[in-house]
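Here is a short report on one protein chain. It starts from a single side chain and works outward to the fold.

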Amino acid sequence: MLKNYNDKVLMKICILGTGQMAMAICKLLENKLEEVYIYGRDLEQLKELCLEKKNSKYFDYKFNLSFQTNKLENFKHTIHMFDLIFYCLPVNCLNDLYLTPNTNMIYTCKGFKNDYIYNQTKNYGLLFGPSY
């Protein structure tokens, strides 16, 4: 894994969603990355993450991390840029728009339709657990 002079990982990581699970993942990544790309639906949350490095809808923690934010509908144009994508949206938001067969995807949602992920992607992981 490539690292820079601050011992930070040189990967482009994207998180789809701005909810509690997405923020928990940001918290876990902040000591290893300098920047995370966040795509979401709530423009106020995206703006606050970008400008103030926090999402006060869920908690007032200020991240030690830079955020590049964008509207979710723009993700389809940039999917190829990322080394790893965390899917932190409800399962009913899943569609082929977000996926290419070689996308490195970590799913944090539950309730997949029969064989959905097996038929859509080759490189995936599942991260489940109780609410953050």
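Asn55 is buried, at 1% relative accessible area. The model is a predicted one. Asn55 sits in the loop between H2 and E3.

What does the side chain of Asn55 reach at 2.8 Å? The partner is the backbone oxygen of Thr18. A polar contact also links the Asn55 side chain to the side chain of Gln45, at 2.9 Å. Leaving aside residues up to four places away in sequence, Asn55 touches Thr18, Met23, Gln45, Glu48 and Leu49. One of these, Met23, is a buried residue of helix H1.

Lys53 lies in the loop between H2 and E3 as well. Is Lys53 buried or partly exposed? Lys53 is partly exposed, with a relative accessible area of 27%. Its backbone is worth a look: phi of Lys53 is near 60°, a positive value in a residue other than glycine.

**Fold**

The protein chain holds 3 helices and 6 strands. Read from the N terminus, the order is β-α-β-α-β-β-β-α-β. The 6 strands make an open sheet with parallel pairing, in the order E3-E2-E1-E4-E5-E6. E3 and strand E6 (123-126) are the edge strands, each pairing on one side only. From one strand to the next, the twist averages 20°.

E4 and strand E5 (residues 104-107) run parallel and are joined by 3 bridges. Within that pairing, Ile85 has Met105 of E5 as its bridge partner.

Two helices pack on this sheet. H1 touches E1, E2, E3 and E4, and its direction makes about 160° with that of E1. H2 touches E2 and E3, and its direction makes about 160° with that of E3.

**Helix H1**

Which residues of H1 (residues 20-29) are buried? They are Ala22, Met23, Ala24, Ile25, Cys26 and Leu29. In an α-helix, residues three or four places apart point the same way, because there are 3.6 residues a turn. The buried residues of H1 pack against strands E1 (13-16), E2 (35-40), E3 (66-71) and E4 (84-87), and also against helix H2 (43-52).

**Cysteines**

How many disulfides does a search of the whole structure find? The count is 0. Cys26 is in no disulfide, and the nearest cysteine sulfur, in Cys88, is 8.1 Å away. Why does Cys109 form no bond with Cys88? The two sulfurs are too far apart, because 8.5 Å separates Cys109 from Cys88, its closest cysteine sulfur, and a disulfide needs the sulfur atoms within 2.5 Å. Burial is shared by Cys26, at 0% relative accessibility, and Cys109, at 6%.

The residues with a stated accessibility are set out here.

| Residue | Relative accessible area | Class |
|---|---|---|
| Cys26 | 0% | buried |
| Lys53 | 27% | partly exposed |
| Asn55 | 1% | buried |
| Cys109 | 6% | buried |

**Whole chain**

The protein chain has 132 residues, and 43% of them count as buried. About 7700 Å² is exposed, with carbon and sulfur atoms supplying 50% of that area. Among contacts between residues at least 6 apart in sequence, 44% join residues at least 24 apart.

Conventions. Residues numbered from 1 in each chain as written. Predicted model: local features only at pLDDT ≥ 70, side-chain atom pairs only at ≥ 80, totals over all residues. Heavy atoms only, no water. Buried < 20%, exposed > 50% of the residue type's maximum accessible area, 1.4 Å probe, protein only. Helix = DSSP H or I, 4+ residues; strand = E, 2+ residues; numbered from the N terminus. Contact = heavy atoms within 4.5 Å. Areas by Shrake-Rupley, 256 points an atom, 1.4 Å probe, with all protein chains shown as cover. Pairing = 2+ DSSP bridges. Axes fitted to C-alpha atoms, helices over the stretch in contact; angles between N-to-C directions. Polar contact = N/O pair within 3.5 Å; in protein donor to acceptor, adjacent residues only side chain to side chain.
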